[in-house]
Amino acid sequence: MKKIVIFFIVIFFCIAILYLLIFKNTVKNKSYESIQIKGSDTIVSLVQLWAECFIKKYPMYNISIIGGGSGVGFASLINGTCDIAMSSRQVNKNEKLLAYNNNVNLTEFKVGLDGLAVIVNKNNPVSGLTLKQLRDIFVGKIVNWKEIHCGKNEKIVVLSRESNSGTYVFFKECILKKNEGNICHEFSIHSLMMASSQAIHHEVSQNSNAIGYIGMGFLDNKVKVIAIAANKTSKYIYPTIKNVKNNLYPISRPLYLYTKDIKKTSIKNFIEYVLSVDGQKITSRTDFVSII
Amino acid sequence: MIKLNSKFSQKIPFFFLYAATILTIIPVITIIFVIIKNGLSAINWEFLTSMPRDGMRAGGIFPAILGTFFIILLTIIFVFPIGICAAIYLNEYAKNNLLTRVINLAIINLAGIPSVVYGLFGLGVFVIFFKLGVSVVSGALTLSIMELPVVITTTRSALNSVPYSFREASLSLGISRWLTIRHIVLPNAVPGILTGSILSIARISGETAPVLFTASALYVSYLPHSMFDQVMILPYHLYVISTQVPNVRKDMIYATAFVLLILVLGISCIAIVARIYFKRRKKW
Amino acid sequence: MYYFGKNMRKILYIIIESIIFFCGILSIIFVILIFGFLFKESFVFLKNYNIVKFLFGRFWYPTLETALFGILPFICGSVLVSVGACIIAVPIGIMTALFISEVASKNIRNILKSLIELMAAIPSIVIGFIGMATIVPIVKNVFSIPTGLTAFTGSLMLAFMAIPTIVTISEDAIHSVPWQYREGALALGATKWQMMKIVILKIAMPGIMGAIMLGIGRVVGETMAVIMITGNAAHIPTSIFDPVRTLTATIATEMGETVKGGIHYKSLFAIGFVLFIITFIVNFIADIFLKKNKNL
């Protein structure tokens, strides 16, 4: 009994000593400034990558990142619980008003672009879709390729991401929600939920009747990219980096960082780094599109 | 003939009993086996002691391990004194009256509240109301309230297993109640309290939902150096890399699960071994 | 301490004993705090939103202009997953408990009990991850359904988490059946199985029911594993192979995305309150059963 008690005490002390050692190492950093980033889950992995590389260049800063959502980012920026808010949309009217009432000046930085490509098999003759056709396909109103101009008489296999991914949410908001009334459409019950963008890419390259959507970073010549038109009369546009940058491609959105205190050197340094050539190189390494 | 028949027919239900037991055991072994098989190759010194790199797709999980240890340590400091005192009250002082019944009901209720509701409570009270922010201390306080019923129940049964004759002998010598508890009951109950507490520590270290909104950050570039820092936590890190970060190597996820499993099962094993050891040495 | 005078010592003891008393009633305080807090937040929500529409509304669109907060899909999801888990876990759990308590030899019993204790300790996040990585594709291929993230998969994994609770507590109940009953039954010529079926199960029934209730409590409150493997689709499921979303999963996935103090935030506390009530009832019933068992 005594032995075991002593054993536990020793373990406890080991932990404590281990902790003290680490405390010693990091106590230096305590005087350094910390940057708190909060906001959209869509770009959290990108911002995390930026933070990592930023720390290598400026080791005197402490950064912590919490996801949540764009709304949380704005709210905590206004409440003063974070320094930078990351967002996949622009600040809306209510948030602007709230910021104004709290004497907060939001500064906006466009730091990257997010675009989704709709892909089909290489043997599929269809090359362009309007947004309405796309919506009808994904909610299950159009079930056969022949209903689309020059399509074959084959059933459409709809591929979607699983509901916990940001891509799913963006596609749903962008394509399925554009309708009248309150009740937004759900994906067709026959659509297949795939675990990753690679899985969709793989399935589309194998299955000649499949249609799916993936981030632009995943595109290659094994699949056929569909050009999208906003409505029947407008031009069909391919998801190229140029088109996304010029805001011509309909399934894309800019990504923002917001801050209220741009004069603070830590925040300024971080945002300058993000917008620099190095920072934007990192953007291109992920599924997003850089702005330069 | 009838006797033979009933003996024979007994074999079928017995077969089902065996089958059910095997069905219970196989998944445990499979889970452990799958995690070890897929994760062991990614475990090395660097994985355990370095920061995550490359958008958490490479590097190590050191801050997550440290954060978990830190939060466990703080939770132990909060919960054990309170839990043990409460158990002493319930087992030694409490009379069989309305108050005791209400306390018992409260403990049962606390034990049953879903962990995510504790998370909500912690968020609303510690993070927002007491303005502790998303920090180790908020998470540890939330976990403490959650673990309180477990600690009380285990400690109580340990105290209860100390024979009443010990107490009566001491009290009949005119020794006060508190001194009897302090010098007679507690020393004899220590083994039980110890093993029960260690088991509850194992449970704390695997919990995710209560610390989801109260202590954990997705990524922290520095190691925690005070109670009011946000930390990365092993279970939440596992959640993040398996569902939110794209293109993480499979073996890294399995390796993270492996470390978490080793931590939790290791602590539980210590408790089980200790209990067997104490049982053998029990004097009464 | 012995240097103090007699009075000082007495005061010290009184202080210690009052600290102990305070700790004893602390759990009541915590329950009241949790209850009050959830009640306060959901009260504000329910003042702005009809309670009938909240409990029986079929649509959950918290971010629309005119937000809809109907939690019927989640209640259905939770019920479906829990019932599925119970159907799997209860027979297996009770049979395992019978085996451990009545059939197994002493050594095997100790090993099995330790294993089940380890099983209870496996974190839910690990179970969720393993389910996502291994069981989900298997379910998808075996039943050839579009996605493996279904209520069925969730039930499977949750059954695994409920089994340890059911086994430990019903094993206790079975073990506490007095030996006289066993010997009486055997002496009357019953076989071992008849003795177990007719005598032991009947006498231990309240304890077993309590174990089942506690298992249900654990399943209903489970969060992380459910998020990862049930698909999180907020619609009313039509079959066990539909993706569902549970009450707990809704709180955990949306809490991070709400703005503090907003109506969406409050609605999640209202869900928390519903969960609190459900688990309170379940645990209360379990306690009644277990008390009956103790009075044997």
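**Entry 1: chain A**

I began with the contacts in chain A between residues at least 6 apart in sequence, and found that 71% of them join residues at least 24 apart. A reminder to myself: this is a predicted model. Next I looked up the secondary structure, and chain A turned out to hold ten helices and eleven strands. I also checked burial: of the 292 residues in chain A, 41% are buried.

**Entry 2: the domains of chain B**

I then turned to how chain B is divided. Domain 1 covers 2-42, and domain 2 covers 45-280. I asked myself how many residues of each domain are in contact with the other. I counted eight residues on the domain 1 side and nine on the domain 2 side. The side of domain 1 of chain B that touches domain 2 has five nonpolar residues and three polar ones, and I found no charged residues there. I noted the spacing as well: taken over C-alpha atoms, the centres of domain 1 and domain 2 of chain B are 32 Å apart.

**Entry 3: chain C against chain B**

My last stop was the contact between chain C and chain B, to which chain C gives 65 residues and chain B gives 68. Which element of chain C gives the most to the side that touches chain B? I found that helix 1 (residues 6-48) does, with 17 residues. Sorting the residues on that side of chain C by class, I got 45 nonpolar, 14 polar and six charged. For anyone following along at the bench, helix 1 of chain C is where I would start reading this contact, as the element that gives the most to the chain C side.

Technical notes:
Residues are numbered from 1 along each chain as its sequence is written. Chains are lettered from A and ligands numbered from 1 in the order in which they are written. This is a predicted model: local features need pLDDT of at least 70, side-chain atom pairs count only at pLDDT 80 or more; totals for chains, interfaces and linings use all residues. Helices (H or I, at least four residues) and strands (E, at least two) are DSSP runs, numbered from the N terminus. A residue is buried if 20 or more other C-beta atoms lie within 10 Å of its own, exposed if 12 or fewer, and partly exposed in between; C-beta atoms are placed from the backbone. Two residues are in contact if their C-beta atoms, placed from the backbone, lie within 7 Å. Domain bounds come from an automatic or database domain assignment. Ala, Val, Leu, Ile, Met, Phe, Trp, Tyr, Cys and Pro count as nonpolar, Asp, Glu, Lys and Arg as charged, and the others, Gly among them, as polar.
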